[in-house]
Structures are given as structure tokens and as C-alpha cells.
Amino acid sequence: MSSPCDPKYAAAGDVGTALMVIDSRLKAVYDHKTDTDPEQQRMIDQFAASLGPTGVDALLDGTCTLIYMLMKWLRSACEDHDKDIIEYSVPALVATMRMMPKTFRPEVIPTMAGLLIAAGTDLSPNLWRAQYGRWTEAEMTPLEATAVLLAEHVNRIADDHDFATRLITEALSSADQG
């Protein structure tokens, strides 16, 4: 039986732009720049404003696609070691979210955990989220931060600061060639 949240029904969105934003944030974290550079934030805000409503929706879908792709890699890595992805990854990511109250207000953590669980159980995170209405402004930063935390989690497991970015870039390249 097929689910309405099956990834085959989901728009991939603007994965390239989402990856650029996430990779930029990861590089800042690895450079120990935990405070957002005001100039960089101004450029990101300006870029987001230039996208218009359909471009913002494509960026949101692209970020959810990144979350799905990274969770799919994690699921495969966990299965190779007889581990459950939900048990292995989600609690650590949620614990990290709880330690970041300025980024993750308590009321958005269940939604972000739900996105991870949806992707971890092979459902589309953006279609899963769509069941509850449109994205809210309060969810924008947590969504981005969830993708960054997840990418960093993958990088840590792979012991390579660029692994998640390379993983997605290679998947996009092979999709373009296919």
C-alpha cells in the first residue's frame, strides 16, 4: 500500500541552493564561527527575498530533500551495522536541538524530530509536514538548523567534514547524467 507521503510524490525542490546554504553554515561551524556573520545573513535574507513565494517553496522542498537523502544514507549505514536509524540518530539530534534554545524553541522540536523520523522511515519529510499546513516563519531557522545538524552528524560518522556535501553533490551529478 502506497502512502501519500511516499517520496515519489514529493517535489525535490531547489536542492542545489539548499545545499549551498547548508554547506556555508557547516563551514562556519567548522571554522568555530558560531555567531552568524551579519553580512552573510544579510546576503542570505536578500537572496531568500529575491526568490519570491515559489522560490521559497522550492528552497523549503530542497532542504527537506537534503534531509531525506542524508537520512537515507544514515539508514543504510545503520543497517550495515544492525542498528536502527531512529534509535541511533534521532535522540542525539533532538538532544542537540534542546541545547540550542535560541535556534530551537521547544514547540518546534517535535516538528523537526518528525521530519527526521519521516525521512528515517522512508517517507518524504516535506509531504509529511504538508499534512499540518504551510510552513510557519518560526520553523524556517529550525528547518535550516536541522539540516545542518544532520549533515554534521553524517560528517562526524564518516570522519570527513565534507562528506555530506560531497554525497549530495555526487547524487545530484549522477541524477543530471541519468
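**View 1. Asp82 is exposed at 76% relative accessibility, and it sits in the loop between α2 and α3.** Residues are numbered from 1 along each chain as its sequence is written, and this is a predicted model in which local features need pLDDT of at least 70, side-chain atom pairs count only at pLDDT 80 or more, and totals for chains, interfaces and linings use all residues. Side-chain values use heavy atoms, with hydrogens and water left out. Throughout these legends, buried stands for under 20% relative accessible area, exposed for over 50%, and partly exposed for values in between (1.4 Å probe, protein chains only). The two flanking helices of the Asp82 loop span residues 38-80 for α2 and 85-98 for α3; helices here are DSSP runs (H or I, at least four residues), as strands are (E, at least two), numbered from the N terminus. Asp82 has a positive phi of about 55° although this residue is not a glycine. As background, most residues other than glycine have a negative phi.

**View 2. Asp82 also belongs to a negative surface patch, together with Glu79, Asp80, Asp84 and Glu87.** A patch is made of residues with over 30% relative accessible area and no salt bridge, where like charges are joined within 9 Å and nonpolar side chains (Val, Leu, Ile, Met, Phe, Trp, Tyr) within 5 Å. Asp and Glu count as negative and Lys and Arg as positive, while His and the chain ends are not counted. The place of a charge is taken as CG of Asp, CD of Glu, NZ of Lys or CZ of Arg.

**View 3. Asp159 has a positive phi of about 55°, although this residue is not a glycine.** The residue is placed in the loop between α6 and α7, where Asp159 is exposed, with a relative accessible area of 72%.

**View 4. Glu144 and Arg25 meet through their side chains in a salt bridge (2.4 Å, N to O).** Glu144 lies in helix α6 (residues 137-158) and Arg25 in helix α1 (residues 15-30), so the pair ties together parts that are 119 residues apart in sequence. Arg25 is buried, its relative accessible area being 13%. The term salt bridge denotes a side-chain nitrogen of Lys or Arg within 4 Å of a carboxyl oxygen of Asp or Glu, and the structure holds 9 salt bridges.

**View 5. Asp160 and Arg166 form a salt bridge between their side chains (2.3 Å, N to O).** Both partners retain some accessibility: Asp160 is partly exposed at a relative accessible area of 22%, and Arg166 is partly exposed at 35%. Elsewhere, Asp23, Lys27 and Asp162 are joined into one network by salt bridges that share partners.

**View 6. Arg105 pairs with Glu107 in a salt bridge of their side chains (2.7 Å, N to O).** Arg105 counts as partly exposed, at 49% relative accessibility, and Glu107 likewise counts as partly exposed, at 49%.

**View 7. Leu123 lies in the loop between α4 (109-120) and α5 (125-130).** With a relative accessible area of 23%, Leu123 is partly exposed. Not counting residues up to four places away in sequence, Leu123 touches Ser3, Cys5, Pro7, Tyr68 and Ala118, where contact means heavy atoms within 4.5 Å. The C-alpha atom of Leu123 is separated by 34 Å from that of Lys33, and the two residues are 90 residues apart along the chain.

**View 8. Thr17, in helix α1, is buried, with a relative accessible area of 12%.** When neighbours within four places in sequence are left aside, Thr17 is in contact with Phe47 and Leu59.

**View 9. Thr54, in helix α2, is exposed, with a relative accessible area of 65%.** Thr54 and Met97 are 43 residues apart along the chain, and their C-alpha atoms are separated by 29 Å.

**View 10. Asp176 has its place in helix α7 (residues 163-177).** Asp176 is exposed, with a relative accessible area of 68%. From C-alpha to C-alpha, Asp176 and Val94 are 34 Å apart in space, and they are 82 residues apart in sequence. The accessible areas quoted for this and the other views come from the Shrake-Rupley method with a 1.4 Å probe, and for residues only the protein chains shown count as cover.
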